[in-house]
Amino acid sequence: VSWNVAYTAEIEDFVDLLGGPECVGVILGFDQGALTYNPLLPQFSTLDYVDYYHGYWIYGECMPEILPEVCSGPIDPDEYIPVYTGWNLVGVWLDAVMPIEDAWDSIFDILLVALGYHEEGVTWLPDMGEFNTLTDIRPGYGYWAKVSENGMLEYPGFGVDLMASYSQGAPSKGVMPSRKWINVYGENIELDEEQIPTGTKIEVFAKESGIRCGSAVYDGQMLKFTPVYGYDQSGIASANYPDENEALNIYIDGEMVYPELTWTELGDCIDISELYTKPGGTSPIIPERYSLSQNYPNPFNPNTIISFELPKAGNVELSVYNLLGQKVATLVNSYYDAGVYETEWDGTDDSGNRVSSGVYLYRLNAGDFVETKKMILTK
């Protein structure tokens with residue numbers, strides 16, 4: 001929706017105009033980046049007010065059929081709508097339906113694509129002639145306009161030298177916006193039950209493509225709705241963004257954390273206040289001391305499990321030896337964080353050959369800690 005009068009309002013006042021929070025589910029806007037208002041989570045919302053320069057999505061259960069007449073004067077004839085390279089969600093200042101080439105004559109030379117929703121999706125593309133379904137611009141609607149460079153949308157009867165003063169100005173935070181997004185948010189965000197510090201970089205990546213589709217810097221107390229952009233079928237810019245039901249990974253200062261998220265549907269909001277460095281949704285167990293457990297099962301044929309605990313991070317080696325002290329297999333030889341781990345031995349040596357039955361030794365080296373235990377392979 002949009003309107004053709006000089007109506008601007010704080011978002012709460014606009015919601016009251018629509019029937020109050022009990023009627024409104026979510027309001028979405030866009031100005032160089034995604035903006036979201038959720039009346040159930042107002043403290044996280046990024047859409048602070050509405051104006052006549054932009055279009056908006058409004059979802060609700062008891063919405064009026066027509067946006068109530070707003071108490072406001074006419075738009076100054078000197079005004080225009082600034083448009084920026086890429087996507088713009090613009091309002092309509094017309095009093096009557098007008099062909100798109102006339103309504104948007106001021107930006108027609110830089111217009112790459114236009115999208116709307118006239119009870120169904122409609123599209124305009126250059127040089128597509130009679131195939132275009134978006135042929136006219138209608139009062140009361142909002143439209144997507146993708147342009148090749150910054151410009152000025154001057155509706156007939158409007159626009160000279162006066163710059164519009166109500167741009168929301170939301171930063172894209174280094175992620176190319178698309179027309180579809182969900183939001184992540186959180187308050188007093190914890191990683192393994194410890195608060196992450198101010199300045200922490202939070203990023204979201206599409207698991208399948210590995211492309212970054214959301215980014216924010218935590219302010220130390222509250223992460224407002226941060227858009228995670230999705231595939232919008234508009235071209236190469238969003239081609240590798242996640243589609244509905246695709247998996248997402250969260251990264252904290254470059255390190256992947258859990259839980260894994262799912263890209264759901266436009267406008268959804270997902271709380272990420274509790275994050276963990278290990279999968280499973282609980283904090284990793286940090287042992288008080290080093291230990292090496294007896295393998296299980298023992299005796300075994302052909303596989304057995306060996307567990308060990310590390311109270312701090314460091315290089316770890318876990319190897320299998322015969323009774324002559326000769327190394328048979330290296331099971332672990334790498335850097336590990338503090339935690340509880342287990343590994344499996346399948347009764348083969350480092351060359352992949354099956355070893356004979358008998359007694360074997362397995363030894364853990366971690367920091368200054370060394371421990372050896374016996375195990376029995378049977379045939």
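**Stop 1: G230**

Select G230 to begin: in this predicted model, G230 is buried, with a relative accessibility of 0%. You will find G230 in the loop between β19 (222-229) and β20. Now show what surrounds it. Setting aside neighbours within four places in sequence, G230 contacts S178, K180, W181, S238, Y241, P242 and W263. If you would like a distance to try in your viewer, pick the C-alpha atoms of G230 and T135: they are separated by 27 Å, and the two residues lie 95 places apart along the chain.

**Stop 2: the strand before the loop, β19**

Next, select β19, residues 222-229. Here 7 of the 8 residues are buried, so β19 is largely enclosed by the rest of the structure. Which strand is joined to β19 by 6 bridges? Colour strand β14 (residues 181-187) to see it; β14 and β19 run antiparallel. One rung to pick out is W181, whose bridge partner in β19 is Y229. W181 is also among the contacts of G230, and we will meet W181 again shortly.

**Stop 3: the strand after the loop, β20**

Move along to N249, which sits in strand β20 (residues 247-252). Is N249 buried or exposed? Its relative accessible area is 10%, under the 20% cut-off, so N249 counts as buried. Beyond residues up to four places away in sequence, N249 touches E203, V204, F205, K207, M256 and E260.

**Stop 4: the aromatic cluster**

Show the side chains of F30, W57, W87, W144 and W181, which form one aromatic cluster. The structure as a whole holds 27 aromatic pairs. Zoom in on one of them, W57 with W144: the ring centres are 5.6 Å apart and the planes meet at 50°, so this pair is tilted. The two residues come from distant parts of the chain, with W57 in strand β5 and W144 in strand β12 (residues 143-147), 87 residues apart. How do their surroundings compare? W57 is partly exposed at 29% relative accessibility, whereas W144 is buried at 5%.

For another pair, select W345 and Y360. Their rings are edge-to-face, with 5.7 Å from centre to centre and 70° between the planes. This pair also links distant parts of the chain: W345 belongs to strand β28, Y360 to strand β29 (residues 358-366), and they are 15 residues apart. Both W345 and Y360 are buried.

**Stop 5: the sheet that holds β28**

Stay with β28 and bring up its partners. An open sheet of 3 strands runs in the order β24-β25-β28, with antiparallel pairing. β24 (291-292) and β28 (339-345) stand at the edges with a single partner strand each, so one side of each has no neighbour in the sheet. Between strand β25 (residues 304-310) and β28 there are 7 bridges, and the two run antiparallel. To find one of these bridges, pick E309 and look across to V340 in β28.

**Stop 6: β2 and its two partners**

Now go to β2 (24-30). Of its 7 residues, 6 are buried, so β2 is largely enclosed by the rest of the structure. Which strands pair with β2? One is β5, joined to β2 by 4 bridges in the antiparallel sense; select V24 and you will see G60 of β5 opposite. Another is strand β3 (residues 34-37), also antiparallel and also over 4 bridges. There, L28 has T36 as its bridge partner. The hairpin of β2 and β3 has 3 residues between the strands, and Q32 takes a positive phi near 60°.

**Stop 7: the largest pocket**

Finish with the largest pocket, which has a volume of about 1200 Å³. Select Y56, W57, I58, Y117 and L266: of the 44 lining residues, these are the closest to the pocket's centre. Then colour the elements that give two or more residues to the lining, namely β2 (24-30), β5 (57-60), β7 (86-90), β9 (111-117) and β10 (121-124). What classes of residue line the pocket? Colouring by class shows 25 nonpolar, 11 polar and 8 charged residues in the lining. W57, one of the residues closest to the centre here, is the partly exposed tryptophan from the aromatic cluster stop.

Conventions:
Residues numbered from 1 in each chain as written. Predicted model: local features only at pLDDT ≥ 70, side-chain atom pairs only at ≥ 80, totals over all residues. Heavy atoms only, no water. 1 Å grid on protein atoms, 1.4 Å probe; cavity = no way out; pocket = protein on both sides within 12 Å on 5 of 7 lines; lining within 4 Å. Points joined across faces, edges and corners; volume = space filled by probe spheres on them. Nonpolar A, V, L, I, M, F, W, Y, C, P; charged D, E, K, R; others polar. Pairing = 2+ DSSP bridges. Buried < 20%, exposed > 50% of the residue type's maximum accessible area, 1.4 Å probe, protein only. Contact = heavy atoms within 4.5 Å. Phe/Tyr/Trp six-rings, centres within 6.5 Å; stacked < 30°, edge-to-face > 60°.
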